[in-house]
Amino acid sequence: MQTQPIIGVWQTAIKIDCMLQGFEGLYTFFADGNFLEINSFKETNSGVWQHNGDHYPVTFWSYLFDDSGQATGKVKVRLALQMVDANHFTGHGVTNAYDLAGQPTVSPFDGPVTVSGTRVEVELL
């Protein structure tokens, strides 16, 4: 199996159209197709990725919580990423909200999303 260029850890800038400000995240792409996102909202989200022609489809899930910390729903994020070069990618996608029973609903995180990433490199001391 050929090693995919996207495998590794990436510092990302994320913008969901319905939100006034963007936010940051760390994306980790594992060789087995698993995906992990940790973002500046203090969320850790899991998903999967694959190589498809000249792009990388990614799907992951995030939970929504009320002020008391109770889960109130979840958000599915679907992205299509493309490598710009060996150390950068860009992408676009969409987020969709669901209640805990899996029925579509509305959330402040719904809508189109754009993302860009820069590979995290080892920095010697």
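These are my notebook entries on the cavity, the aromatic pairs and one set of strands in a predicted model.

**Entry 1: cavity**

I searched the whole structure for cavities of 30 Å³ or more and got one. I noted about 190 Å³ of space in the largest cavity. I then listed its lining, which has 18 residues; the closest to the centre are Ile-16, Phe-23, Glu-43, Phe-60 and Val-77. I sorted the lining by residue class and got twelve nonpolar, four polar and two charged. I also checked which strands contribute: β1 (8-16), β2 (23-29), β3 (34-39), β5 (56-65) and β6 (71-85) each supply at least two lining residues.

**Entry 2: aromatic rings**

I counted aromatic pairs and found twelve in the structure. I picked Tyr-27 and Phe-35 for a closer look: the ring centres are 5.0 Å apart and the planes stand at 80°. Planes over 60 degrees apart count as edge-to-face, so this pair is edge-to-face. I looked up accessibility for both partners. Tyr-27 has a relative accessible area of 2% and is buried; Phe-35 is also at 2% and counts as buried. The cut-off for buried is under 20%.

I next asked which residues form one aromatic cluster with Tyr-27 and Phe-35. They are Trp-10, Phe-29, Trp-49, Tyr-56, Phe-60 and Phe-89. Phe-60 was already in my notes as one of the residues closest to the cavity centre.

I made one further ring check, on Trp-61. Lys-74 lies over the face of Trp-61, at 5.4 Å from the ring centre.

**Entry 3: strand β3 and its neighbours**

I went along β3 to see where the side chains point. In a regular strand they alternate between the two faces of the sheet. In β3, Phe-35, Glu-37 and Asn-39 point to one face and are buried. Asn-34, Leu-36 and Ile-38 point to the other face and are not buried.

I looked up the pairing on the β2 side. β2 and β3 are antiparallel, with five bridges, and Phe-29 has Phe-35 as its bridge partner in β3. Both of these residues belong to the aromatic cluster. The two strands form a hairpin with four residues between them, and Gly-33 in the turn has a positive phi of about 95°.

I repeated the lookup for strand β4 (residues 44-49). β3 and β4 run antiparallel and are joined by five bridges. Ile-38 stands opposite Thr-44 in β4. This hairpin has four residues between the strands, and Lys-42 takes a positive phi near 70°.

Conventions: Residues numbered from 1 in each chain as written. Heavy atoms only, no water. 1 Å grid on protein atoms, 1.4 Å probe; cavity = no way out; pocket = protein on both sides within 12 Å on 5 of 7 lines; lining within 4 Å. Points joined across faces, edges and corners; volume = space filled by probe spheres on them. Nonpolar A, V, L, I, M, F, W, Y, C, P; charged D, E, K, R; others polar. Phe/Tyr/Trp six-rings, centres within 6.5 Å; stacked < 30°, edge-to-face > 60°. Buried < 20%, exposed > 50% of the residue type's maximum accessible area, 1.4 Å probe, protein only. Lys NZ or Arg CZ within 6 Å of the ring centre and 35° of its normal. Pairing = 2+ DSSP bridges.
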